[in-house]
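Dear colleague,

Please find below the structure that I am handing over to you, followed by a short account of what was found in it. I would be grateful if you would keep the model open while reading.

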Amino acid sequence: MRYLEKRYFEYRRGTSNKFWEITINKEFYSTRWGRIGTKGTHGELIDTWGLTIRVTNRLISKKLSKGYIEVTNTKLESVETQPKEKITTLSKLIGLGNCE
């Protein structure tokens, strides 16, 4: 699975010292939360049926309105590779010959 973005938020007020993190790809997102300094709790991988941006923006807006501050926003590199057969077939179709 290819993740596109990971955003990390912290809330530090009074005795509260907690974090919330969201990891986003095109069709799914997952969250993690807990006290700062711990691994936290992982939420489920949620399928948004192609509405990921709208859904995650709403979740992020709620956290910001509650006083969370965004600490990091990381764009993740794609590490997916295409199978050799697909690359060879595609290269033949677009006229590049055999790309092995």
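Ile22 has a relative accessible area of 0% and is therefore buried, the cut-off for that class being under 20%. Please bear in mind that the model is a predicted one. Ile22 belongs to strand S2. Between its C-alpha atom and that of Leu59 the separation is 9.1 Å, although the two residues stand 37 residues apart along the chain.

Ile22 is also one of the 8 residues of the largest nonpolar core. The other members are Phe9, Tyr11, Trp20, Ile24, Tyr29, Ile60 and Tyr68. Two elements, strand S1 (5-13) and strand S2 (16-24), each give two or more residues to this core. Strand S2 provides the largest share, with 3 residues.

The second finding concerns charge on the surface. A patch of positive charge is formed there by Lys18, Arg54, Arg58, Lys62 and Lys66. Which element gives the most to the positive patch? That element is helix H1, which spans residues 52-65 and gives 3 residues.

Arg54, a member of the patch, is located in helix H1. Its relative accessibility is 55%, so Arg54 counts as exposed, given that this class begins over 50%. The two residues described individually thus fall into opposite classes: Ile22 is buried, whereas Arg54 is exposed.

With kind regards

Key
Residues numbered from 1 in each chain as written. Predicted model: local features only at pLDDT ≥ 70, side-chain atom pairs only at ≥ 80, totals over all residues. Heavy atoms only, no water. Patch = residues over 30% accessible without salt bridge, like charges linked within 9 Å, V, L, I, M, F, W, Y side chains within 5 Å. Areas by Shrake-Rupley, 256 points an atom, 1.4 Å probe, with all protein chains shown as cover. Salt bridge = Lys/Arg side-chain N within 4 Å of Asp/Glu carboxyl O. Lys, Arg positive; Asp, Glu negative; His and termini not counted. Charge placed at Lys NZ, Arg CZ, Asp CG, Glu CD. Helix = DSSP H or I, 4+ residues; strand = E, 2+ residues; numbered from the N terminus. Buried < 20%, exposed > 50% of the residue type's maximum accessible area, 1.4 Å probe, protein only. Core = buried A, V, L, I, M, F, W, Y, C linked by side-chain atoms within 4.5 Å.
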